[in-house]
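Thanks for making time. I will go through one structure, and we will look at how its chains are put together.

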Protein chains: 2
Amino acid sequence: MLYPNNIKKTYTKITNYSNRGMDLEYLIEQANEYYIDNDIAYIYKKPTPIGVTKVTYSSKGKRIQDGFYKTPSTLDFNGLYQGHYIEFDAKVTQNKTAFPISNVHEHQIKHIRNINNHGGIVFLVIKMNEKYFLLMGDTFLAFIDKEKRKSIPYEYLLENAYEIKLSLKGLDYLSTLNKIIGG
Amino acid sequence: MLYPNNIKKTYTKITNYSNRGMDLEYLIEQANEYYIDNDIAYIYKKPTPIGVTKVTYSSKGKRIQDGFYKTPSTLDFNGLYQGHYIEFDAKVTQNKTAFPISNVHEHQIKHIRNINNHGGIVFLVIKMNEKYFLLMGDTFLAFIDKEKRKSIPYEYLLENAYEIKLSLKGLDYLSTLNKIIGG
């Protein structure tokens, strides 16, 4: 028996969705949308900075004809939640035993330190072993300042980071953050 | 007598700089750089969001071959200062008697209201009559909620906004903000 068209479509959609490489970012964007729609928080993904080398002008306006993606020096997401400055980045690793610190650029580490020092709430959202973790900036910095190793063992995440549960709202990281900061 | 090459170059540079349309943004970026270099604040201009319709891949990486600028729904600058979430936009008007409210998009007005309600510090930096003003979000909202007119009279700015003085640091808007929030 053939499935009715609409059921098959839904099934295809779910398959694609769970396989896409961007899924962590997608789940965060979904949560951000939920937060904005429900007046909970105003957190956005920063557009990737573009270097533009050629533009054209037409009746439709300015168009970019040649450009390239630059490396951002801050983290990908920032915004406002209950009077707090929030900034974080989403990182995925396929590594099963440890999170390679090289996933976080040197200038991003410096930035995490600055935001932490100035009273902002800064963290990493890490996808590893099909789980999602919220690793606070100060915990991350304490690790790299103390340890010589180039990666954070999975056990360290299990003990020192906070698991974020998937929900219908996407990746509801603010519920997890509430448990940490007592919001 | 001809000027030595280096003097002439400097002179040309100053002329260009004072005439450029982007100068307000440039002066703010200069201040932001000063704040970052001196560990005072971490405030950045958000890249303009780009819609990309064509990319190519080569040994040099991914390049954008067709794209367009989108209208951002937030304000241009945001960041962290002394534990405060800061967000603002830079607006220039050639109008000498009033600042047209149409300079601020409808979705930006909504965003200003949201940031204000959630405990962020939100404002406009307005260049008008060769002066620079910091107009706090709540003052701006109070005006548009009360008044029916489509522009803010210059006198209103003189009385209710705060003048930002130019300095060697660029447009040092945080010194002005300190006077308002008592930082």
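Start with β3(A) and strand β3 of chain B, residues 61–69: they run antiparallel and are joined by four bridges. As one register point, Ile64(A) stands opposite Gly67(B) in β3(B). Keep in mind that this is a predicted model.

Within chain A, β3(A) also pairs with β2(A), again in the antiparallel sense, over eight bridges. There, Ile50(A) is opposite Tyr69(A) of β3(A).

Put those pairings together and you get an open sheet of four strands, in the order β2(A)-β3(A)-β3(B)-β2(B), with antiparallel pairing. The edges are β2 (50–58) of chain A and β2 (50–58) of chain B; each has a single partner strand, so one side of each is left without a neighbour in the sheet. From one strand to the next, the twist averages 20°.

Now the contact as a whole. 27 residues of chain A are in contact with 27 residues of chain B. Which elements of chain A give two or more residues to that side? They are β1 (42–45), β3 (61–69), β4 (77–81) and α3 (106–117). The largest share, nine residues, comes from β3(A). By class, the side of chain A that touches chain B has 11 nonpolar, 12 polar and four charged residues.

Last, the symmetry. Chain A superposes on chain B by a rotation of 180° with 0.0 Å of shift along the axis, at an RMSD of 0.0 Å. That is the relation of a two-fold axis. The same surface serves both copies, and 100% of the contact residues of chain A recur in chain B.

Definitions and conventions: Residues numbered from 1 in each chain as written. Chains lettered and ligands numbered in written order. Predicted model: local features only at pLDDT ≥ 70, side-chain atom pairs only at ≥ 80, totals over all residues. Least-squares fit on C-alpha atoms with pLDDT ≥ 70 in both. Contact = placed C-beta atoms within 7 Å. Nonpolar A, V, L, I, M, F, W, Y, C, P; charged D, E, K, R; others polar. Pairing = 2+ DSSP bridges. Axes fitted to C-alpha atoms, helices over the stretch in contact; angles between N-to-C directions.
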